[in-house]
Amino acid sequence: MRLDKFLSDMRFGTRSEMRKAVREGRVTVDGVRVKDPGSAVMPKSLVVLDGEPVTYRGFEYILMNKPAGVLSATEDPHQTTVLGLLGPGTRRDLAPAGRLDKDAEGLLLLTNDGALIHSLLSPSKHVPKVYYVRLSRPVTDGDVRTFAEGMSVPEDETAGNARGRAAFTAKPAKLVPLNGPGERPDRADPGKEIRELSPNESLKAPDGGFYEASVEITEGHYHQVKRMFAAAGNRVLYLKRIAMGPLRLDEDLPPGKYRYLTEEEINGLRINGA
Ligand code: URA
């Protein structure tokens, strides 16, 4: 790889800034001062810029708590994307491993490891994803059975020409009510610190409350969780992904913030996904 690309990939500056730094003699490679920005370097070369060693990280893995209102996309001419939330020092060639709806929150893996993304999203891998939902009506035993059996989900008529709007039969899903009828988690357990999906009051259940559940699915159809609950005559008021394969969303990671995966998490993903 070219030396200027090596440096700009590691976010030490733009490609032209890095070319200038090399020409100014601020860079050594394996102990030798190099002034040609096009010099070839290997990922393992010892590159030093202004006295600072630059370690080449080929792949980067970031776990973001996606906030509502932001697109799970790499770029968009009009709207903020998850990549737009990354600060300086992060690579720009990352992509989300799967999408969350614009109004959804929670765990989003961003990486430039395309093989891992492909494998995590591959339907044959059945990588489990767990969502916390707030609903307009309580979950019944019948709902739990219907989800477990693999329910029919009708076409999404609100989806325009969106790919994935077609009807499908969901694979068995694990639905766990987190509170029963009559229990009011929003009042009984205000300490959950989970922001409402929308300040729009009409999104609340008719009695002003909501009911909580978690649901685990192993596939990723368009608007899948919302459509499954709609097919069961319920309505998702708030949706947050809390787990994907071995990854768990940190409870103290605020929406819009992110952190790098640990080696252990990366290895866990490879075992589960790849
Ligand atoms: N299911 C949904 O309905 N929306 C998401 O963002 C993810 C899963």
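How much space lies in the largest pocket? About 880 Å³. Keep in mind that this is a predicted model. Now start the tour.

**Stop 1: the pocket centre.** Select Gly 98, Arg 99, Gly 220, His 221 and Tyr 222. Of the 31 residues that line the largest pocket, these are the closest to its centre.

**Stop 2: the pocket walls.** Next, colour helix H3 (114-121) and helix H6 (224-231). Add strand E8 (129-135) and strand E13 (236-244). Each of these four elements supplies at least two residues of the pocket lining. Which element gives the largest share? Helix H6 does, with three residues. Then colour the lining by class. You should find 13 nonpolar, ten polar and eight charged residues.

**Stop 3: the ligand.** Show the ligand and the residues around it. Select Leu 100, Asp 101, Ala 104 and Tyr 131, which are among them. Go on to His 223, Gln 224, Val 225, Lys 226 and Leu 239, which are also around the ligand.

Now look at single atoms. Begin with the side chain of Asp 101: one of its N or O atoms is 2.7 Å from a nitrogen atom of the ligand. Move to Val 225. Here a backbone N or O atom lies 3.0 Å from a ligand nitrogen. Finish at His 223, where a polar backbone atom is 3.2 Å from an oxygen atom of the ligand. How much of the ligand does the protein cover? On its own, the ligand has 240 Å² of accessible area, and the protein covers 96% of that.

**Stop 4: a sheet.** Find the open sheet of four strands. Its order is E2-E1-E3-E4, and the pairing is antiparallel. Select E2 (32-33) and E4 (52-54) at the edges. Each has a single partner strand, so one side of each is left without a neighbour in the sheet. Now zoom in on E1 (residues 27-29), which pairs with E2 over two bridges. Where does Val 29 find its bridge partner in E2? At Val 32.

Conventions:
Residues numbered from 1 in each chain as written. Predicted model: local features only at pLDDT ≥ 70, side-chain atom pairs only at ≥ 80, totals over all residues. Heavy atoms only, no water. Pairing = 2+ DSSP bridges. 1 Å grid on protein atoms, 1.4 Å probe; cavity = no way out; pocket = protein on both sides within 12 Å on 5 of 7 lines; lining within 4 Å. Points joined across faces, edges and corners; volume = space filled by probe spheres on them. Nonpolar A, V, L, I, M, F, W, Y, C, P; charged D, E, K, R; others polar. Near = heavy atom within 4 Å. Polar contact = N/O pair within 3.5 Å; in protein donor to acceptor, adjacent residues only side chain to side chain. Areas by Shrake-Rupley, 256 points an atom, 1.4 Å probe, with all protein chains shown as cover.
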